[in-house]
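Trainee: Got a minute? I'd like to go through a model with you.
Mentor: Sure, put it up.

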Amino acid sequence: AFASSPAPDVVVDKYVSAPPESAGTNGASTGDQQRTRLPNDERERNSLYDDETVRTMGGITSSVRHDWTKDEIASIYSLPFHELMYRASTVHRMYWDPSEVQQCTLLSIKTGGCTEDCSYCSQSTRHDTFVKPTPTMKVKQVLEAAARAKEAGSTRFCMGAAWRELGNKSNAFERILEMVRGVNGMGLEVCCTLGMLNAEQARRLKEAGLTAYNHNLDTSPEHYPNVITTRSYQDRLDTIANVRDAGISVCCGGILGLGEKDSDRVGLLHVLATLPAHPESVPVNALVSVKGTPLGDLGVNALVSVEGTPLGDLDESDRDDVDAFDMARVIATARIVMPRTMVRLSAGRLSFSDAEQYMMFSAGANSIFNGDKLLTTANPEFDEDQALFAKLGFVGKPAHKGPMMSPAEEKGEVEIVRHAAAAEPKMYA
């Protein structure tokens, strides 16, 4: 156990590793050593550190804050790349075990036919793409796909439907609740992305066993109207609030390659980092261009300028490819400003080499989507990911178990300053 005793003002608490005698559900074995796992629920996990003010290691300080300014985030984002990577990697090691990476699988349970006008999306009825509308998958089909994902090493199963919102789709919603219960019953964590939710729908998903809900902000509030006009930024924030209030973990991030500027990437991170609670996970996506959408490609990630679309008038300087350095810079900044958030390397991963992906993991990514499809675009096959994990020395995070405590924290290498408000020592088992 790890204890910190109160002091008159603050106490500098350096952890000393003392593995529990019996790991139970919170322990993990690495060789002959028992390791400590933190709680899986991020609210419970973060509550262990309510009295913590700052961490320091290797000359880098870090804290969980919700009062970041855009200027502060911009100054981090614009650091020389080598310095940014060092800071992010150090922060990552202060809070996480860098060898543990969550593996998620995303299945499109209802493809195409969406009435939204998202300029990047192949599933919109407003764009002429290869995607053709299909009915919602049957429960049995979804559970069979979840079983395959579990067998391949995935521990979180995500289900996506191409809808603007659940609305009054009562029959479809009942089937989705059955899917959630079934996947949860397999021992997998369950995530959904179903468009906008009201508070009652969020409550029912929580009761069915939903672990997390994905609802991306996509880009900054300023650039958002250039990408989407059929749903407001506030609509998205309202859904995130409904999910959070229902006790469901929030998965919320964005997409790079939407014609945005660096200031928009900073703006997105600023919104995420100043939410009442940081998202449990932040997916960072690189646009996978699909022909027939306003952001479809003539080259890789090159904008197809379509007269009359919000993105049609962007000049050539706004159409740069998203490269591994762009991804790493955003991931690293997210890691620094949201140190206890899981950062997920998501769509577009197929376009990056193993070495480039390693750079993104070094920047602080500790979750991936794997499998053969990410909604309607290609994603690395399961076996390729297992080979990558073996090459990099990574292990998958088990389902329904919290993350490993940071090895640096266990070994007493992290200096932690706490308020001494608690009357009793705080224990970490």
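Mentor: We'll take one residue and its helix, then a pair of helices.
Mentor: This is a predicted model: local features need pLDDT of at least 70, side-chain atom pairs count only at pLDDT 80 or more, and totals for chains, interfaces and linings use all residues. Residues are numbered from 1 along each chain as its sequence is written, and side-chain values use heavy atoms, leaving out hydrogens and water.

Trainee: Where is Gln357 found?
Mentor: In helix H11, residues 354-362. Helices are DSSP runs (H or I, at least four residues), strands too (E, at least two), numbered from the N terminus.

Trainee: Is Gln357 buried or exposed?
Mentor: Buried, with a relative accessible area of 4%. Buried means under 20%, exposed over 50%, partly exposed in between (1.4 Å probe, protein chains only).

Trainee: And what is Gln357 in contact with, leaving aside neighbours within four places in sequence?
Mentor: Leu345, Arg349, Phe352 and Leu388. Contact means heavy atoms within 4.5 Å.

Trainee: Which other residues of H11 are buried?
Mentor: Met359, Met360, Phe361 and Ser362, along with Gln357. The buried residues of H11 pack against several elements, including helix H3 (81-95) and helix H12 (382-392).

Trainee: What comes just after H11?
Mentor: Gly364, with a positive phi of about 125 degrees.

Trainee: New topic. At what angle do H5 and H6 pack?
Mentor: About 30 degrees, with their axes 8 Å apart. Axes are lines fitted to C-alpha atoms over the stretch in contact, and angles run from 0 to 180 degrees between N-to-C directions.
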